[in-house]
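Dear colleague,

I am passing on the structure below, and after it you will find an account of what came out of the analysis. Please read the two side by side.

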Amino acid sequence: MQMREFGSTGAKVSPLGFGSMRLPTREGTQADANTPFSDIDVEGSVAMIRHAIDSGINYVDTAYNYLGGNSEKIVGIALQDGYREKTFLATKSPAWLYKSEEDFDRYLAEQMDRLQTDHIDMYLIHSLNGGSWKRTLRNKALDALKRAQEDGRITYAGFSFHDDYELFEEILNAYDWDFCQIQLNYCDTEHQAGIKGMKKAAEKGMGVVVMEPLRGGFLVDVPPAVQQVFDSAPVKHSNVEWAFDFLWDMPEISCVLTGPTNPEVLKEDIALAKQSHPHMMSDEEKQVLEKAAQAYHESAPIPCTGCNYCVEYCPQKLTIPYNLLAYNLRFIYDDLEMARDYYHNEVPKFGKQADLCTGCGTCEEICPQHIKISEWMPKVCELLD
Ligand code: SF4
Ligand code: SF4
């Protein structure tokens, strides 16, 4: 696997990183923030993480809040038996929870305990947006971050980001960051930090880690209109290959995160990563992706990536992303019956339906895509209930 520069830090990372946000349950479904530890397929998850490392992946990513804290525990288990030494361990501090100047250190200590380590290689202030950035500054988390770097609890300091470009640039200039993590895929080139932000960070010598390369899985089973673009292209790739190659083509990108829910998906992603290198796409291939992006945007009205961040904040226990997906299905596949069937038969398997939404808006504070969930839920009911 061709390793890539992590900005100007001197570290070299694999083009693919293992993201631990979507681990499997014992029943074969996808765990979320409400899944008890005992229901997660811990052995299977540990085996996947170790297989990734044995195959050349040296970047493992988790966060304080992933799977309600269980993701860090499982990564901590996976990195025993010599795997910690082979890995750059990345985790993230929950900026939206900061309430005092002590919180940064308190969360970091708790995370090192869960991860069974005395230092974090890549530590990020998580999910910065207008609100969490203010909390970060108000609670002097950047001073605490500096102290943690100086005393060796953290090696490289970064942030993950979900807001507009102007705030991204403000944050870039507010600290001597080593890296950032941004959302980027062939459909979201001008969204949030976008390509412009990626290049700006690279110019400053920062490593760039990319999340949501498959837009929460929606670039795997693409809408028919997008599939038609790929099927009629003169060059043939799998849908996943199109999405990853778009990112690996850019030399400024250090590492692309994948969040596999089963070993087969992981093996496919690793095989693609092994063939990857900068400048790997032709102009003809790039034009195909531009057409695919245009077709995608014309198909799905709600830009939900299925990240699940919102779920634990809903007092009504709504399975928000599945409700939104049901609505999108109507337009993506131009099939109202299919969407109604999904809403009535699939959504309840994961949690409560849209009719229980009170419109409180709590979930919107955490949504990285700034989706007006409280406004969409009545529309979901109206269309599908
Ligand atoms: S607006 Fe609706 S979906 Fe969002 S937290 Fe409130 S009840 Fe839950
Ligand atoms: S609504 Fe927002 S926070 Fe919730 S799953 Fe979708 S993108 Fe994530």
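Around ligand 1, the shell divides by class into 9 nonpolar and 6 polar residues, with no charged residue among them. Please keep in mind throughout that this is a predicted model. The shell around ligand 1 counts 15 residues, of which Cys314, Cys357, Cys360, Cys363 and Ser374 come nearest to the ligand. Helix α14, which spans residues 373–384, supplies the largest share of that shell, namely 3 residues.

The surroundings of ligand 2 can be described in the same terms. Here too there are 15 residues around the ligand, and those that come nearest are Cys304, Cys307, Cys310, Pro321 and Cys367. By class, the shell of ligand 2 holds 11 nonpolar and 4 polar residues, and again no charged ones. Its largest share, 3 residues, is contributed by helix α12, which covers residues 320–332.

Turning to the overall division of the protein chain, the assignment gives domain 1 as 4–297 and domain 2 as 311–384. The C-alpha centres of domain 1 and domain 2 are 25 Å apart, and the contact between them draws 10 residues from domain 1 and 7 residues from domain 2. On the side of domain 1 that touches domain 2, the residues comprise 4 nonpolar, 5 polar and 1 charged.

As for the strands, there is a closed barrel of 8 strands, which follows the order β3-β4-β5-β6-β7-β8-β9-β10 and has parallel pairing; from one strand to the next, the twist averages 25°. Within this order, strand β6 (residues 120–128) and strand β7 (residues 154–161) run parallel and are joined by 6 bridges, and Leu128 stands opposite Phe161 in β7.

Finally, there is a helix pair that you may wish to look at in the viewer. How do the axes of helix α3 (residues 103–115) and helix α5 (residues 141–150) cross? They come within 9 Å of each other and cross at roughly 45°, which means that α3 is oblique to α5. On the α3 side the contact is made by Phe104, Asp105 and Leu108, while α5 contributes Ala141, Ala144, Leu145 and Ala148. Sorted by class, the residues of this contact of α3 with α5 are 6 nonpolar and 1 charged, with no polar residue.

With best regards

Conventions
Residues numbered from 1 in each chain as written. Chains lettered and ligands numbered in written order. Predicted model: local features only at pLDDT ≥ 70, side-chain atom pairs only at ≥ 80, totals over all residues. Axes fitted to C-alpha atoms, helices over the stretch in contact; angles between N-to-C directions. Helix = DSSP H or I, 4+ residues; strand = E, 2+ residues; numbered from the N terminus. Parallel < 35°, antiparallel > 145°, perpendicular 65-115°, else oblique. Contact = placed C-beta atoms within 7 Å. Nonpolar A, V, L, I, M, F, W, Y, C, P; charged D, E, K, R; others polar. Near = placed C-beta within 6 Å. Domains from an automatic or database assignment. Pairing = 2+ DSSP bridges.
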